[in-house]
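Let's take a relaxed walk through a protein model. Have a look at the sequence and the 3D view first, then read on.

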Amino acid sequence: MKVIGIFAALALTATVAAAQSGVQRLYVLDCGINQGKDQARWSPGVNEGKPIEFSDNCYLIRHANGTLLWDTGIPDAVAAMPDGLVTANGAITQRRTKTLAAQLAEIGVKPADIGYVALSHTHGDHVGNVALFPSSTILIQEAEYEWAMTQPVKPAFAPSQKFDKLSGDKDVFGDGSVMILSTPGHTPGHQSLLVRLPKTGAIVLSGDAVHFRDNWDNRRVPSMNTNRDQSIASMQRIATVLTEQKAQLWINHDKPQTAQLRHAPAHYE
């Protein structure tokens, strides 16, 4: 089905899907911290030279028909580095205080229990632990996969990894409760996630379609994005989804918002 067709059907069935959602729980996992030297890297011309600290979350979704992990965060190995991991030619320092593996174990989840790992995109702070899930099917846009394979540092996929290479939206469990939304621009195959919880309601997980609230409010596009026009169009698409689905926007890297969320082992229903 075409992207437009899926989205139209999604909008028409929103009320029914919310009532019949197969999603049982959503866990917010601490997947590290990014410390940037210059905020203007993400907000051109604004707060030049001012440092900024980003949260980095992963999300585990338990559904009646399986389990999905959204993003895998900064590599767990960084937790053992006292000075963190310097990346982006010195522009960013990555840190972890908790490993993803330990947080999953705390809620009784083994890597083999996770049927799907969906990646918003293939930057290192989102795919750092993808090899921990060798039996999971990776949900990734085909455009993202092809682009990632041309980069100097390729994602560390497990040799046995299975892929479902997408060309647009995907209804992961077939009931409209977990929808991958194609939102290119930050990278060629960037995607976001719409989750409908029975009690909490609809939530859009941003990936890196936007990095923090001020950028969202002002529709700013980071200098490193691969396509400015696509970035703006994707933010508008998310805004439309928020309105039509009466959804919350959880901005992955927005540290103040992340601080207000319940983290695992607590959960949302």
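Here is a short tour of some strands, loops, contacts and a pocket in this model, which is a predicted one.

## The eight-stranded sheet

Let's begin with a sheet. Eight strands make up an open sheet, and going across it you meet them in the order S4-S5-S1-S2-S3-S6-S7-S8. The pairing is mixed. Quick reminder: strands of a sheet pair through backbone hydrogen bonds, and they do this either parallel or antiparallel.

Now look at the two ends of that order. Strand S4 (85–87) and strand S8 (162–166) are the edge strands, and each has a single partner, so one side of each has no neighbour in the sheet. The sheet isn't flat like a board, either: on average, neighbouring strands are turned by 25° against each other, direction ignored.

For one pair inside the sheet, pick out strand S2 (residues 52–63) and strand S3 (residues 66–70). These two pair in the antiparallel sense, with five bridges. Want a spot to zoom in on? Find Tyr-59, which stands opposite Trp-70 in S3.

## Strand S12 and its two partners

Next stop: strand S12 (residues 201–205). Is S12 mostly covered or mostly open? It is mostly covered, as four of its five residues are buried.

S12 pairs with strand S11 (residues 191–197) in an antiparallel way, through five bridges. A hairpin of three residues takes the chain from S11 to S12. Within this pair, Leu-197 has Gly-201 in S12 as its bridge partner. S12 also pairs with strand S13 (residues 248–250), but here the two run parallel and share three bridges. In that pairing, Leu-205 sits opposite Trp-250 of S13.

## Two asparagines with positive phi

Time for some backbone angles. Asn-47 has a phi near 55°, which is a positive value in a residue other than glycine. You can find Asn-47 in the loop between strand S1 (23–36) and S2. Its relative accessible area is 34%, so Asn-47 counts as partly exposed.

Asn-89 isn't a glycine either, and its phi is positive too, at about 55°. This residue belongs to the loop between S4 and strand S5 (92–95). Why does Asn-89 count as exposed? Because its relative accessibility is 88%, and the cut-off for exposed is over 50%.

## The loop between S8 and S9

Now move to the loop that links S8 with strand S9 (170–171), where Asp-169 sits. With a relative accessibility of 9%, Asp-169 counts as buried. What does its side chain contact? One polar atom of the Asp-169 side chain lies 2.9 Å from the backbone nitrogen of Ser-182. The side chain of Asp-169 also makes a polar contact of 2.6 Å with the side chain of Arg-237.

Ser-167 is in the loop between S8 and S9 as well. This serine counts as exposed, with 71% relative accessibility. Along the chain, Ser-167 and Glu-142 are 25 residues apart, yet their C-alpha atoms are separated by 6.1 Å.

## The largest pocket

How much space lies in the largest pocket? About 940 Å³. The pocket is lined by 35 residues, and those closest to its centre are Gln-94, Thr-122, His-123, Gly-124 and Asp-125.

Which elements help build the lining? S4, S5, helix H4 (124–127) and helix H5 (142–148) each supply at least two residues. H4 gives the most, with three. Sorted by class, the lining has 16 nonpolar, 15 polar and four charged residues.

## Two last stops

Before you go, find the peptide bond between Ala-264 and Pro-265: it is cis, with omega about 15°. Pro-265 lies in the segment that comes after helix H8 (255–259).

Finally, look at Ala-233, which is in helix H7 (residues 228–245). Ala-233 is partly exposed, with a relative accessible area of 47%. Although Ala-233 and Pro-184 are 49 residues apart in sequence, their C-alpha atoms are 8.5 Å apart in space.

Terms used: Residues are numbered from 1 along each chain as its sequence is written. This is a predicted model: local features need pLDDT of at least 70, side-chain atom pairs count only at pLDDT 80 or more; totals for chains, interfaces and linings use all residues. Side-chain values use heavy atoms; hydrogens and water are left out. Two strands pair if DSSP finds at least two bridges between them. Axes are lines fitted to C-alpha atoms, for helices over the stretch in contact, and angles run from 0 to 180 degrees between N-to-C directions. Buried means under 20% relative accessible area, exposed over 50%, partly exposed in between (1.4 Å probe, protein chains only). On a 1 Å grid over the protein atoms alone, a cavity is a set of points where a 1.4 Å probe fits but cannot get out, and a pocket is an open set with protein on both sides within 12 Å along at least five of seven lines; lining residues have an atom within 4 Å of a point. Grid points are joined across faces, edges and corners, and a volume is the space filled by probe spheres set on the points. Ala, Val, Leu, Ile, Met, Phe, Trp, Tyr, Cys and Pro count as nonpolar, Asp, Glu, Lys and Arg as charged, and the others, Gly among them, as polar. A polar contact is a pair of N or O atoms within 3.5 Å; within protein, one must be able to donate a hydrogen and the other to accept it, and residues adjacent in sequence count only if both atoms are side-chain atoms.
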